[in-house]
Amino acid sequence: MTSLLHVVGARPNFMKVAPVLRAASALPGTRQWLVHTGQHYDAAMSDSFFADLELPEPEVNLGVGSASHAVQTGRIMIEFEPVLDRLKPDWVVVYGDVNSTVACALVASKKRVKVAHVEAGLRSRDREMPEEINRILTDQLADLCLTPSRDGDANLAEEGIAPERIRFVGNVMVDTLLHLRGRARELRAPETYGVSGKHYAFVTLHRPSNVDQRETLAELLKALDDLASQMPVVFPIHPRTRQRIQEFGLNDLARRVTLLEPLGYLEALSLVEKASLVLTDSGGLQEETTVLGVPCLTARANTERPVTVSEGTNRLVASTRSAINAAVADVLSRLGNGSFRPGRPEGWDGRAGERVAAALVEPAALPAAGARR
Ligand code: UD1
């Protein structure tokens with residue numbers, strides 16, 4: 001019997017845990033619990049994902065909510081410790097790079113419970129991003145680093161992580177996308193939002209580096225306004241970004257853009273699949289657009305997902321009006337001449353969840369908790 005305690009907290013975790021839960025439940029002798037930290041709590045940021053992804057009710061919701069990084073991370077640790085003491089799993093499985101990931105990895109590691117990190121090894125090399133700090137620390141703590149792409153293996157080796165702690169499994173987000181693509185199509189979200197059969201852009205922006213400074217956010221909104229003169233722009237908006245637009249008095253700049261509440265997974269996928277282009281600062285969308293073959297402009301100086309640039313449809317663009325306008329013009333001309341020929345990175349095949357589950361229930365092949373070089 002192998003018991004797994006999966007930790008999720010924020011929106012991008014939910015689509016990563018779903019295929020692992022499904023694959024592990026198909027293996028005999030596996031016991032599983034899902035713990036939600038409550039880092040995200042709005043229905044549109046959490047509940048709707050549980051419904052779309054058919055996730056089970058969590059065993060417990062720690063209800064930590066929003067706060068500064070220190071307070072949020074500390075609260076998660078304090079609330080998670082008694083849950084770990086009660087459930088005593090063989091493995092704590094953490095996902096991605098959010099504050100819930102590093103908080104629970106630290107608690108488990110100090111209690112000598114084995115930690116597996118799904119989506120290990122990604123590096124932007126930009127410590128201005130809180131996620132980069134979460135990634136580095138979680139990988140150092142994890143007994144098993146499960147990587148989505150080969151660059152992850154190389155990054156971990158460079159940081160001194162022993163080869164037996166690294167396992168390439170591929171991309172679990174892609175499992176979810178391929179699993180739910182048919183259901184997403186049935187939703188016909190482009191019809192709902194009046195963009196069916198048209199060229200349109202799909203936009204998401206929520207990173208502090210893009211939305212927390214008035215000047216940067218204004219530049220981005222001006223670029224969206226320019227884009228809106230060429231095609232409809234559909235922008236489901238993260239609560240943080242909505243707050244900032246209001247706080248900075250920038251509502252007018254967004255008047256030609258279709259601002260929506262955050263969308264559920266299926267509705268978003270339905271819209272992204274048919275979009276002519278995506279402009280984003282999300283991690284997940286860089287991957288999803290690569291698999292869907294939709295051109296993606298990422299408004300960031302760097303990416304922890306370089307295979308989406310080298311093999312997929314992604315391109316980095318500065319968060320300025322002129323840079324975005326130039327990149328949009330280039331994408332549209334390439335679309336016109338059919339020069340987008342995206343590839344699919346290794347292991348992005350819909351079976352990554354199975355490989356994660358197999359890695360976790362083959363203890364003989366794995367190091368003991370805390371084993372180091
Ligand atoms: C978190 C992740 C980020 C991920 C993003 C996806 C960290 C450090 N960051 O950022 O990597 O890309 O989730 O959405 O963990 N809020 C609500 N309702 C909610 C959740 C948040 O209104 O359900 C608002 C609150 O004002 C909150 C702000 O959003 O203060 C930020 O939330 P937080 O969880 O701190 O980080 P995100 O920006 O969502």
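Which backbone supplies a polar atom 2.9 Å from an oxygen atom of the ligand? In this predicted model, the polar backbone atom belongs to Tyr41. The legends below describe the ligand site and then a pocket.

**Figure 1. Polar atoms of His40, Tyr41 and His206 beside oxygen atoms of the ligand.** A polar side-chain atom of His40 is placed 2.7 Å from a ligand oxygen atom. For Tyr41, a polar atom of the backbone is 2.9 Å from an oxygen atom of the ligand. His206 contributes a polar side-chain atom, which lies 2.9 Å from an oxygen atom of the ligand. On its own the ligand would expose 750 Å², and the protein buries 88% of that area.

**Figure 2. The shell of 20 residues that surround the ligand.** Gln39, His40, Asp42, Glu131 and His206 are the closest of these residues to the ligand. Sorted by class, the shell holds 9 polar, 6 charged and 5 nonpolar residues.

**Figure 3. Helices and domains that contribute to the ligand shell.** Two or more shell residues come from each of helix H1 (11–25), helix H3 (69–87) and helix H11 (239–247). Helix H11 gives the most, with 3 residues. At the level of domains, at least three residues of the shell are drawn from domain 1 (2–171 + 347–365) and at least three from domain 2 (189–337).

**Figure 4. The second largest pocket, with about 250 Å³ of space.** This pocket is lined by 16 residues, and those closest to its centre are Asp126, Met129, Ser209, Asn210 and Arg300. The lining comprises 7 nonpolar, 5 charged and 4 polar residues.

**Figure 5. Position of the second largest pocket relative to the helices and domains.** Helix H5 (130–141) and helix H9 (208–211) are the elements that each give two or more residues to the lining. The most come from helix H9, which supplies 3 residues. Because domain 1 (2–171 + 347–365) and domain 2 (189–337) both give residues to the lining, the second largest pocket lies between these domains.

Terms used:
Residues numbered from 1 in each chain as written. Predicted model: local features only at pLDDT ≥ 70, side-chain atom pairs only at ≥ 80, totals over all residues. Heavy atoms only, no water. Near = heavy atom within 4 Å. Polar contact = N/O pair within 3.5 Å; in protein donor to acceptor, adjacent residues only side chain to side chain. Areas by Shrake-Rupley, 256 points an atom, 1.4 Å probe, with all protein chains shown as cover. Helix = DSSP H or I, 4+ residues; strand = E, 2+ residues; numbered from the N terminus. Nonpolar A, V, L, I, M, F, W, Y, C, P; charged D, E, K, R; others polar. Domains from an automatic or database assignment. 1 Å grid on protein atoms, 1.4 Å probe; cavity = no way out; pocket = protein on both sides within 12 Å on 5 of 7 lines; lining within 4 Å. Points joined across faces, edges and corners; volume = space filled by probe spheres on them.
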